[in-house]
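User: Please take a close look at the salt bridges in this model, and explain carefully, for someone in their first year, where the partners lie and whether they are buried or exposed.

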Amino acid sequence: MAECEEEVDVLVQRVVKDITNAMKRNPNIDEIGVIPCPEARYNRSPIVLVENKLGVESWCVKFLLPYVHNKLLLYRQRKHWLDRDALVNITCTLLLLNPDFTTAWNVRKELLQCGVLSPEKDLYLGKLALSKFPKSPETWIHRRWVLKQILGHFPSLTHTKSNQQQQQSEREQADADRSQQLSDHVARTVHQEMKVCSDAAGRYPSNYNAWSHRIWVLQHMAKGNIKVFHDELSSMRLWVSMHVSDHSGFHYRQFLLKELVTELCQTPDSTTNCSFQQGCGKVLHSSPAHTNGELSGAEAAGEEERQLSYSTVLHLFHQEMELCSDLIQSFPGHETLWSHRRHVFYLWYQWRKEHQHHCSRADRESVQLSETDPGVAEGGQSCVGHQEGVNGQRHPSEPMEVDGMSLPDPHDSKRLKRGILLPAPPTLSSEHSLVSSVLDSCCNTEQRHFALAYRKWLDAVIGLQS
């Protein structure tokens, strides 16, 4: 029996070493997995590395997992000594096979705080573990802890004192360069986290842990960055179109929309909003500064910025409702789409009540533009219940080309010079029109059930508050 135990120890130690060597030999491994193999058929290592994929034959897992588990527990109980390299290798092997073992993550936290491990190395290990166990809660919790450690180092780096003999300009330049480096590092980290979350969400439907982590990253590492939030909203458009039953994905989209609306209303910077609006596929030109002779120059500029913010928010809601309409028409019978539309419309309704002054003024300007040029009304009509978008195009999300060579028609350029092209805002009547259209044209039982439930919600919640 003792000989058998010794043989198992030798075997397991060799496997742990093979895993360590494989990860050192190929630092670009992006996925791990267990290869079904009931017994060892050949006298070779059970660790298989093909391109960037690492596989472990299943027959050795029943020996490997208990061994590293017991070794780590004995170490924590101070009954067995392990050096730092052994701890790194054992915890790595254990977490690749069982990432929900909290003790192993705690040991790696201690190693990271001692400087034995780098944050990037631990994030990489978590990424590999999530390729096999995409919903592992302990792995997501540990990633957030590591990201907090990364963020915690930034203030100390930013405020490092320079040599007293340096000139003031040199210190300022060094601080500016250091700040730019830190900003670039944060941007790369955010991009990597978005990629990890997307991969995990694709491997496990409605992966609440992955989407919650994605929200946390944006809240703590990209707060107030309108461009990052808008890029996320744009990139998620294709994803939700391919996962129309994923509640968590649409909830994430609702979070992005709410954050964008909040930021745009709090910081009505004309330059930011213009660039953001062009990203939405719309072109806005502010109306003349002194539309009201009673307004001073500063007041007129402030009012223009507020109106521009309102128009940007309106386009956001319009595009979201258009996307939802297209998905409801294309994929009947999915409750997620109706729930998402309900949330977006309620968010719009509440925002419109809070900004009633700007909404009513912008609506009057839109009506005046429509009376001046009937083409504006066609460009601004809502597509609820129809298949056409702004300016009669099928896809309203496609950016308009404005380099002077490919405007749709000369009337558009005249309208752009005169004022703001605003789509018709979502209303209770337009939503009822959508429901009626669905009930008249669709034979899907579940689709009809969801449409009737949406109509009932409109009357019970929105209708009573109007």
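Analyst:
**Salt bridges within and between helices**

Glu110 is partly exposed, with a relative accessible area of 35%. This value, like the others that follow, is computed from a predicted model. The partner of Glu110 is Arg76, and the closest N and O atoms of this salt bridge are 3.1 Å apart. The two residues are 34 positions apart and belong to distant parts of the chain, since Arg76 sits in helix α2 (residues 61–76) while Glu110 sits in helix α4 (residues 102–113). Arg76 also has a relative accessible area of 35%, so Arg76 is classed as partly exposed, because that label covers values between the 20% limit for buried and the 50% limit for exposed.

In general, side chains of opposite charge can pair when their charged atoms come close. A search of the whole structure finds 12 salt bridges, and a few of them can be followed one by one.

Helix α4 also takes part in a second pairing, in which the side chains of Asp122 and Arg108 meet with an N to O distance of 2.7 Å. Because Asp122 belongs to helix α5 (residues 119–132) and Arg108 to helix α4, this salt bridge ties together parts that are 14 residues apart in sequence. Both Asp122 and Arg108 are buried, which means that each has under 20% relative accessible area.

A third pairing stays inside one helix: Lys227 and Asp231 both lie in helix α9 (residues 226–242), where they are four residues apart, or about one turn of the helix. Their salt bridge brings the closest N and O atoms to 2.8 Å from each other. What is the exposure of each partner here? Lys227 has a relative accessible area of 57%, which is over the 50% limit, so Lys227 is exposed. Asp231, on the other hand, has a relative accessibility of 36% and therefore counts as partly exposed.

Salt bridges can also share partners, as they do for Asp30, Glu31 and Lys53, which are joined in this way into one network.

Taken together, these examples include a salt bridge between helices α2 and α4, another between helices α5 and α4, and one whose two partners both lie in helix α9.

How values were computed: Residues are numbered from 1 along each chain as its sequence is written. This is a predicted model: local features need pLDDT of at least 70, side-chain atom pairs count only at pLDDT 80 or more; totals for chains, interfaces and linings use all residues. Side-chain values use heavy atoms; hydrogens and water are left out. A salt bridge is a side-chain nitrogen of Lys or Arg within 4 Å of a carboxyl oxygen of Asp or Glu. Buried means under 20% relative accessible area, exposed over 50%, partly exposed in between (1.4 Å probe, protein chains only).
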